[in-house]
Amino acid sequence: MNQPLAAEEAALFSVLLEAAADAIIVIDEVGTVRQANSACARVFGYELPEILGRNIKMLMPENYRREHDGYLRRYRETGESKIIGVGRQVEGRRSDGVVFPMDLSVGEGSFSGERLYVGIVRDLTERHALLQTLQEQEAELRQMMDSAVVPTGLVDGKGRLLVANEALNSFLACDGSADVELGSYLSADTQVQSLGAALDEAAKAPTVCVLALLAFEVDGHRKSGDLYLASFPRHAHNDDHGIVVQLVDRTAQLEAEKEAREIREELAHYQRISALTAMTAGIAHEVNQPMGAIANYAEAGQILVRKDQVPAEELERIFKQIGQQADRAADVIRRLRSLAGGQSPAREALSASEIVNDTLHLYRSQLELLVVRVEKEYEAELPLVFVDRVQIQQVLLNLLQNAVDSMTQHPEAAIRVSARSAEAGLVIAVEDRGTGISASIAERLTDPFFTSKTDGMGIGLAVCRTIVEKHGGRLWFENNAGGRGATFSFLLPGAEGGTDG
Amino acid sequence: MAEQLTTVHVVDDDDAFRDSLEVLCGSVDLVTRSFADAGAFLEDYSDEWQGCIVLDIRMPGMSGLELQQVLLERGCAMPVVFITGHGDIEMAVTAMKSGAQDFLTKPFRQQDLLDRIHAALKVADRQRASELQRHEVESRFERLTPREREVFDLVVQGCANKVVSNRLDISQRTVELHRSQVMQKMEADSLADLVRLSLRLEG
């Protein structure tokens, strides 16, 4: 090796040593520090001369110190190393006694027959602090997620669950360990494709997609919820998107609604039955008329047949009448049965006259009995409405009954039933000449169990309002001008295309 | 007119029921005259009409009960059979108190209705017969002179000729003459007969 070159190399070595951000330290076979750079002095908190010539153990915490001589000796004797060429995370000890984490990589070489080791040390204190902060932050986030009541998680573009909070795990009845695909929980009647499409859409742009009212099948239980999807880039450098899912659990809400609906339907049914009970006399009359006529015709027929000279036409006419009256009775029974039965609602397109006439027909004898005059008034060109016949009849029946009840003391009781078209559909109004509605009861009139009658249950108008609103309509009332009774009206949205000419 | 005596007047607003009643009555050779409401009946009504009335107790407009009242005021004596529905018992009671012949609650047996119609017609017949007799007796009574009527009144009260002669201050002989005129004009065979006729006059 020639001298000038060695000098240059030594200078270059010195520059490299000083330029390194990591601490570099050279020791001999027994651990004496032969060389170290300024970074080494800085990392360990010494002045460089304090380190040079001293044993490397001064830079180690107590537990490493005891072992170090042993390590060096064993390597010398056996050539077995646990660190050379590998690099390990170990601990160093600063001059002030503080132990800190550091990354140590060791190399070795022979110089003039002497074995030297080079150690490169990177102080991990900051990184460890950073990691700890991250861990704490993650724990905090995790805590937040888990304490959130909204089932929340993170899925990939295929709907595979990456992270789930406790609420989501509990919704899906999984413990978060198994591979879970959101789509596999959707029940058969829910569009699984719609989830896929929404995931695709969400992955394309960081939008919020809402999938309303998905049905899930979890452990044989049906659960329902709205799914909110929002994507975000998972990595700055590629297109990988994570999708945050939030699920608004509506199972309980839907069950409560179903229960409420069932109660309302029961109430409506009970109300219909009580309305029918109130109409018993009228109904008996409705059935008695045709039955009585049939009995009369039949008796007359028998008497006539016993005579010889009965004209065949006369008998034919009698039989025809019997048939017609039987139909008439059957018709009454049919109307009654549909009103009394609790069958599920079926909607059909009906005209105002069908609704009003059918109902008045059922109620006719009651009105006659009470000597109430009824006027009908239809506008021309009324829209058809798509309604449940029985329920709307029930509404009208109720309004008629209320109108009659309001006029019990009225010498000239009269009801006007009118139908007119409105922009939003068909309006049917029942106008009475009764006592009107006082301001004090107007506000509570359609509340369930509120009644102004001595023998009322207070469910009639509440049921009416429920039925009309279920049809997308509206029910309201007002006092007539001059204190002449009140008018109850209800609006039904018009059926698509079609008027009652 | 014999036909009029057995006429059944039907007032019922139900077209089919009214028609069936006509057919039923017709099957047993009863003549009917029917009306859809009380107004139509009153429009046609004549006090010459004979027979009975089958009346629906409840009808739109004037009810059966109201029609019964109007007819009573007009002196119509035709017996009324009311047909009532379920729950009309109160009205039926009112009708009976106002002198209705009978009432039937729907549904009823057809033979019951016919029986009651026949009974009502029998009542009408009897009424008519006694009415005729009364008319006859009245017209006989009309023929008596004022003095003969005075004698008639006293005789049917059971006064002997002598008492009559004293009361009226006429001779017994004159009393006997008047008395024989009375017996002749009243077409009475005996004193008992005369007393019976006098009762009809009061009836």
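Two strands are said to pair if DSSP finds at least two bridges between them, where strands (E, at least two residues) and helices (H or I, at least four) are DSSP runs numbered from the N terminus. The exercises below concern a predicted model, in which local features need pLDDT of at least 70 and side-chain atom pairs count only at pLDDT 80 or more, while totals for chains, interfaces and linings use all residues. Residues are numbered from 1 along each chain as its sequence is written, chains are lettered from A and ligands numbered from 1 in the order in which they are written, and side-chain values use heavy atoms, with hydrogens and water left out.

**Exercise 1. Describe the sheet of chain A, working from its strand pairs to its edges.**

Step 1. Begin with E8(A) and strand E9 (residues 221-233) of chain A, which pair in the antiparallel sense over nine bridges; within this pair, Leu211(A) has Leu227(A) of E9(A) as its bridge partner.

Step 2. Look next at the loop between E8 and E9 of chain A, where Asp219(A) is found; the phi of Asp219(A) is near 50°, a positive value in a residue other than glycine. Most residues other than glycine have a negative phi.

Step 3. Turn to strand E6 (residues 152-155) of chain A, which is joined by three bridges to the antiparallel strand E7 (residues 161-164) of chain A, with Leu154(A) standing opposite Val163(A) in E7(A). The hairpin of these two strands has five residues between them, and Gly159(A) takes a positive phi near 85° there.

Step 4. Assemble the open sheet, in which five strands follow the order E7-E6-E10-E9-E8 (chain A) with antiparallel pairing. Its edge strands, each pairing on one side only, are E7 and strand E8 (208-218) of chain A.

**Exercise 2. Determine how helices H7 and H9 of chain B are arranged, and which residues bring them into contact.**

Step 1. Take the axes, which are lines fitted to C-alpha atoms, for helices over the stretch in contact, with angles running from 0 to 180 degrees between N-to-C directions. For helix H7 (residues 146-156) and helix H9 (residues 172-185) of chain B, the axes come within 9 Å and cross at roughly 85°.

Step 2. Classify the angle: under 35 degrees counts as roughly parallel, over 145 as roughly antiparallel, 65 to 115 as roughly perpendicular and the rest as oblique. H7(B) and H9(B) are therefore roughly perpendicular to each other.

Step 3. List the contact (heavy atoms within 4.5 Å): H7(B) contributes Arg147(B), Glu148(B), Val151(B), Phe152(B) and Val155(B), whereas H9(B) contributes Val175(B), His178(B), Arg179(B), Gln181(B), Val182(B) and Lys185(B).

**Exercise 3. Characterise the interface between chains A and B.**

Step 1. Count the residues in contact, which are 25 from chain B and 25 from chain A.

Step 2. Consider the buried area, that is, the accessible area (1.4 Å probe) that two parts lose on being put together, summed over both. Between chain B and chain A this is about 2,000 Å², of which carbon and sulfur atoms give 52%.

Step 3. Look for salt bridges, each a side-chain nitrogen of Lys or Arg within 4 Å of a carboxyl oxygen of Asp or Glu. The count between the two chains is three, and one salt bridge is formed by the side chains of Lys307(A) and Asp29(B) (3.2 Å, N to O).

**Exercise 4. Locate the cis peptide bond in chain B.**

Step 1. Find Lys106(B) and Pro107(B), which are joined by a cis peptide bond with omega of about -5°.

Step 2. Place Pro107(B) in the loop between strand E5 (102-105) and helix H6 (110-142) of chain B.
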